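Hi,

Here is the structure I promised to pass on. Have a look at it first, and then read on for what I found.

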Amino acid sequence: MNHQKLAEFAIKSKSNSYSPYSKFRVGAALLTEEDKIITGCNIENASYGLTICAERTAIFKAYSEGERKFKAIAIASDDKNFCPPCGACRQIIWELCGDIDVILIDGNGNLKTFKASDLLPLPFGDENLKGGENG
Ligand code: THU
């Protein structure tokens, strides 16, 4: 499974976006170690803070189906610029997917790939919890 193919799944997933408030559609496609693709889109709510991003939809779907090992996630929006994952999603990607490839797709279909670790320097993780007084 190459990045281009995964990107096409992310682009297609935008069509399922429920984003009546921002009108900003986002699609994501997560690639498992066995080359299974799990897609996601952003899902908004009139109580804005309850919105879930496309990346987290895909990752939580994958976890709920028992998937644990991943190679890459592709993220697409309609914007002419790349849509980088928000801070919350970077934290979730790091903990639940590890140092995978994060493939961004702009509105013209150009791809740009980063490592999850490049997007989240000095991450907070389970190791940090072991140093606490009660750890
Ligand atoms: N959004 C995502 O789905 N992923 C991102 O990486 C950035 C933001 C969504 C959340 C919200 O529905 C809309 O984009 C505008 O913030």
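Let me start in the middle of things: the buried residues of helix 3 pack against strand 1 (26-32), helix 2 (54-64), strand 3 (70-77) and helix 4 (116-119). Keep in mind that this is a predicted model.

Which residues of helix 3 are buried? In this helix, which covers residues 87-97, they are Cys 89, Ile 93, Leu 96 and Cys 97. They sit on the same side of helix 3, because the arc they cover around the axis is only 95°. Turn the helix round and you get the face pointing away from that buried side, with Gly 87 and Glu 95 as exposed residues. Right after helix 3 comes Gly 98, and its phi is positive, near 80°.

Two other residues have a positive phi without being glycines, so to speak of them one by one:

- Asp 35 has a phi of about 65° and is not a glycine. You'll find Asp 35 in the loop between strand 1 and strand 2 (37-41). Its relative accessible area is 37%, so Asp 35 counts as partly exposed.
- Leu 122 is a non-glycine residue with a positive phi near 50°. Its place is the loop that runs between helix 4 and helix 5 (126-129). Is Leu 122 buried or exposed? With a relative accessibility of 85%, Leu 122 is exposed.

Now for the chain as a whole. The chain has five helices and five strands, and going along the sequence their pattern reads α-β-β-α-β-α-β-β-α-α. The C-alpha trace spans about 50 × 40 × 30 Å along its principal axes. The radius of gyration is 15 Å, which agrees with the value near 14 Å that a compact globule of 135 residues would have.

How much of the chain is buried? Of the 135 residues, 38% are. Among the contacts with a separation of 6 or more, 59% link residues that are 24 or more positions apart.

As for the surface, the accessible area of the chain is about 7,600 Å², and carbon and sulfur atoms account for 52% of that. The chain carries 16 positive and 18 negative charges, and the mean positions of the two sets lie 6 Å apart.

If you only have a minute, go to helix 3 and look at Cys 89, Ile 93, Leu 96 and Cys 97, its buried residues.

Cheers

Terms used
Residues numbered from 1 in each chain as written. Predicted model: local features only at pLDDT ≥ 70, side-chain atom pairs only at ≥ 80, totals over all residues. Heavy atoms only, no water. Helix = DSSP H or I, 4+ residues; strand = E, 2+ residues; numbered from the N terminus. Rg over C-alpha atoms; globule rule 2.2 N^0.38 Å. Buried < 20%, exposed > 50% of the residue type's maximum accessible area, 1.4 Å probe, protein only. Contact = heavy atoms within 4.5 Å. Areas by Shrake-Rupley, 256 points an atom, 1.4 Å probe, with all protein chains shown as cover. Lys, Arg positive; Asp, Glu negative; His and termini not counted. Charge placed at Lys NZ, Arg CZ, Asp CG, Glu CD. Arc of directions from axis to C-beta.
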